[in-house]
Amino acid sequence: MALIALAFGTIERLMSDPTLKRWLHAPVFALGTVASMLSPAHLADGIIIDTRCVIVALAGAFVGWPAALAAGLAGAAYRIWLSGAGAPVGVVTIVLAAAIGLLWGRLYRRGRVARRRNLIALGLIVSAHIALFVFLPLPDPLGFTLNLIPFVVPTYVAGVFVMGSMMQRETRMMRREQSLEVDAFTDALTGLANRRAYDALIAEELAQRRGAEIGVTLLVVDFDHFKQVNDTYGHEAGDEALKVVSRILRSCVREGDYVCRHGGEEFTVILPQTGLPQGRRTAERIRHAIEAAPLIAGDQNLSLTVSIGVAGAPQHGDDPNTLYRCADAALYEAKSAGRDQVVVYGRPQLREVVSVDEREALALAN
């Protein structure tokens, strides 16, 4: 049971596709079911008892029908192979356990953390299959069944509770890890990818497109006069402006493009498999959409504008830092030329690196 719970957690962590995860869980629970039947308790000639129903039920409860089906078929086939007078009843108990697990999973929303009493209730319901023992070919099947209740019921309840708790622990740990990872790469205010995520994404995209005729276009988007919005209307209005721009940026790009908040009022947009002409058109579409978007701060209706610098790989280099410097230099040119415009890097005078003092002066002016 512990090994199945660990395998369950490993698959949940390593696989992102839900369908693939369910089918990878199936052989794990099937093997676990058979393994639990290798050393059964022999109660009479051809009549055995083990914990197979616990594993079959939990397969349905925590994974779903693929695992329940695989575990049920494996358990039933092995029980038939073992044969004996109790084989028919044994097969029926396996089918019943699978059905109970699937129903329990549906009632308690599979994947959600169940309370202890829910697991205990599942164990009690699964152990109720012992009632089928009255159909065993024995001289006194009812007395035989009643004598087993004090041993079977606690064993099944404990098995479901312990194994279910271990699987839930694996699920909680996985979700906590995913939550921490999302927090580490997500901007809290806008919900966009943050600077750390941008660094990873641009490096990956440039590495994948290196040598391709059409590589990656990078847009650097910056608010015009954002400091005035904060000073005049307050930081709350500034935050709302950032959220509005974030939504517009997401709506103006394709699936597979990346929008990041680079820092402060600056955003970056990564456009894979996009040439400079198409990248410029996307930048103009963004600029017009932001200019037309209303922003209400108190009783004031603000008009927002942005300046956008555009650079592309491989034309302007295939190194992340070089590509950003080119797009940033184009952005600086757009600011210097009057703001509210798109500039594509490539003019001779833009190839000189802008000094730190000039960039700081421009930031103060904004």
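Helices, such as the H8 discussed first, are DSSP runs of H or I with at least four residues, numbered from the N terminus. The model described here is predicted.

Helix H8 covers residues 195-209. Its 15 residues should span 21 Å at 1.5 Å a residue, and the C-alpha atoms at its ends are 21 Å apart, so the expected and modelled lengths agree. At the N-terminal end, asparagine 194 acts as the cap of H8, with a side-chain oxygen 3.2 Å from the backbone nitrogen of arginine 196. Beyond the other end, H8 is followed by glycine 211, which has a positive phi, near 90°.

Six positions in H8 deserve a closer look: Ala197, Tyr198, Leu201, Ile202, Glu205 and Leu206 are its buried residues. Viewed down the axis of H8, these buried residues fall within an arc of 145°, so they line one face of the helix. That set of residues packs against four strands and a helix: strand E3 (216-223), strand E4 (258-263), strand E5 (266-272), strand E8 (306-313) and helix H12 (320-336).

Strand E3 is one of these partners of H8. Eight of the eight residues of E3 are buried, so the strand is largely enclosed by the rest of the structure. In a regular strand, side chains alternate between the two faces of the sheet. In E3 both faces are covered: Val216, Leu218, Val220 and Asp222 are buried on one side, and Thr217, Leu219, Val221 and Phe223 are buried on the other.

E3 also pairs with other strands. It is joined to E5 by seven bridges, and the two strands run antiparallel. In this pairing valine 216 stands opposite proline 272 of E5. Eight bridges join E3 to E8, again in an antiparallel arrangement. Here aspartate 222 of E3 stands opposite serine 307 in E8.

The next topic is charged side chains. With a side-chain nitrogen of Lys or Arg required to lie within 4 Å of a carboxyl oxygen of Asp or Glu, the count comes to 16 salt bridges. One of them joins the side chains of glutamate 170 and arginine 13, at 2.9 Å from N to O. This pair links distant parts of the chain, since glutamate 170 belongs to helix H7 (residues 141-184) and arginine 13 to helix H1 (residues 2-14), 157 residues apart. How do the two partners stand in terms of relative accessibility? Glutamate 170 has a relative accessible area of 8% and is therefore buried, whereas arginine 13, at 31%, counts as partly exposed.

Another salt bridge is formed by arginine 261 and aspartate 187, whose closest N and O atoms are 3.3 Å apart. Arginine 261 lies in strand E4 and aspartate 187 in the loop between H7 and H8, so the pair ties together parts that are 74 residues apart in sequence. Both arginine 261 and aspartate 187 are buried. Strand E4 is also among the elements that the buried residues of H8 pack against.

Within helix H11 (residues 276-292), arginine 287 and glutamate 284 lie three residues apart, about one turn of the helix. They form a salt bridge with a closest N to O distance of 3.0 Å. Arginine 287 has a relative accessible area of 11%, so it counts as buried. Salt bridges with shared partners join Arg280, Glu284, Arg287, Glu291 and Asp340 into one network.

Key. Residues numbered from 1 in each chain as written. Predicted model: local features only at pLDDT ≥ 70, side-chain atom pairs only at ≥ 80, totals over all residues. Heavy atoms only, no water. Expected span 1.5 Å × (residues − 1). Buried < 20%, exposed > 50% of the residue type's maximum accessible area, 1.4 Å probe, protein only. Arc of directions from axis to C-beta. Contact = heavy atoms within 4.5 Å. Polar contact = N/O pair within 3.5 Å; in protein donor to acceptor, adjacent residues only side chain to side chain. Pairing = 2+ DSSP bridges.
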